[in-house]
Amino acid sequence: MSAQADVPALFRDPQTRSAGLFEDGKLLACMVPARDPGLSWGEGPCLRLGRVHTLPEQSDDITRLITLWASDLAARQSLPLVRAEILARHALQAEPIAALLRRLTDMGWDVRGSGPGREGDRVARLELAAEHRPRLSTLISCQTHAPHLAADDRSTA
């Protein structure tokens with residue numbers, strides 16, 4: 001999503017099938033998971049995590065839970081990968097993006113380079129292998145609809 005986008009308005013849109021990560025009734029993160037037939041930079045189908053936002057000043061635990069949940073959701077949907085893009089205004093080796101990418105790779109994400117994202121901004125491209133995590137339900141109660149083909153991708157399917 002463009003850096004100038006009205007994020008709250010995107011999630012209020014009834015056409016957006018978003019997912020939220022809550023703890024004790026407090027929204028910690030939100031995102032839009034969608035079944036994607038493939039991004040221009042990736043081969044094959046995937047679970048695309050779009051519009052991922054976390055509450056500022058939160059620990060890496062939220063990112064780790066999102067990672068575990070997304071990997072499990074992709075596996076349950078028989079999708080081999082999770083793909084995501086994060087805003088990267090500078091070279092991937094420059095801080096602060098380099099530190100974030102190091103944390104994400106430590107969590108299992110692979111960096112697949114950078115380039116223009118789906119919304120036109122420069123992004124870092126990430127992939128994560130799908131993996132069934134049957135014990136995850138002790139940490140996360142998943143109450144989400146199965147990801148659908150993203151609305152903007154229906155015409156290409």
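**View 1. Surroundings of Glu127 in the predicted model.** Setting aside residues up to four places away in sequence, the contacts of Glu127 are Trp41, Leu81, Val82, Arg83, Gly108, Trp109, Asp110 and Arg112. The model shown here and in the other views is predicted. Glu127 belongs to strand β6. Its relative accessible area is 10%, so Glu127 falls under the 20% limit and is buried. Two arginine side chains make polar contacts with the side chain of Glu127: that of Arg83 at 2.7 Å, and that of Arg112 at 2.9 Å. Both Arg83 and Arg112 are also in the list of residues in contact with Glu127.

**View 2. The hairpin of strands β5 and β6.** Strand β5 covers residues 110–116 and runs antiparallel to β6, to which five bridges join it. One bridge pairs Pro116 with Arg122 in β6. Five residues lie between the two strands of this hairpin, and Gly120 has a positive phi near 100°. Strand β6, residues 122–129, has the highest confidence in the chain, with a mean pLDDT of 95.

**View 3. The six-stranded sheet.** Six strands form an open sheet with mixed pairing, in the order β1-β2-β3-β4-β6-β5. Its edge strands are β1, residues 19–23, and β5, each of which pairs on one side only. On average, neighbouring strands of the sheet are turned by 30° against each other, with direction ignored. At the β1 edge, five bridges connect β1 to β2, residues 26–36, and these two strands run antiparallel. Glu23 is opposite Lys26 of β2.

**View 4. Helix α3 on the sheet.** Helix α3 packs on the sheet, where it touches β4 (81–87), β5 and β6. The direction of α3 makes about 165° with that of β4. The helix spans residues 97–106, and its buried residues include Ile97, Ala98, Leu101 and Leu104. These four lie on the same side of α3, because they cover an arc of only 125° around the axis. After the helix comes Gly108, with a positive phi near 115°. Gly108 is also one of the residues in contact with Glu127, the subject of the first view.

**View 5. Leu79 in the loop before β4.** Leu79 is part of the loop between α2 (60–76) and β4. The relative accessibility of Leu79 is 4%, which is under 20%, and therefore this residue counts as buried. Beyond four places in sequence, Leu79 touches Arg35, Pro45, Cys46, Leu47, Ala74 and Ala130. Of these contacts, Ala130 is 51 residues away from Leu79 in sequence, while the C-alpha atoms of the two residues are 6.8 Å apart.

**View 6. Confidence along the chain.** The average pLDDT of the chain is 80, and 73% of the residues score at least 70. Among the helices and strands, the mean is lowest in helix α1, residues 7–12, at 62. The pLDDT is below 50 over residues 151–157. In the model, this stretch has nine contacts beyond near neighbours in sequence.

Methods:
Residues are numbered from 1 along each chain as its sequence is written. Side-chain values use heavy atoms; hydrogens and water are left out. pLDDT is the predictor's confidence in each residue, from 0 to 100. Contact means heavy atoms within 4.5 Å. Two strands pair if DSSP finds at least two bridges between them. Buried means under 20% relative accessible area, exposed over 50%, partly exposed in between (1.4 Å probe, protein chains only). The arc is that of the directions from the helix axis to the C-beta atoms. A polar contact is a pair of N or O atoms within 3.5 Å; within protein, one must be able to donate a hydrogen and the other to accept it, and residues adjacent in sequence count only if both atoms are side-chain atoms. Axes are lines fitted to C-alpha atoms, for helices over the stretch in contact, and angles run from 0 to 180 degrees between N-to-C directions.
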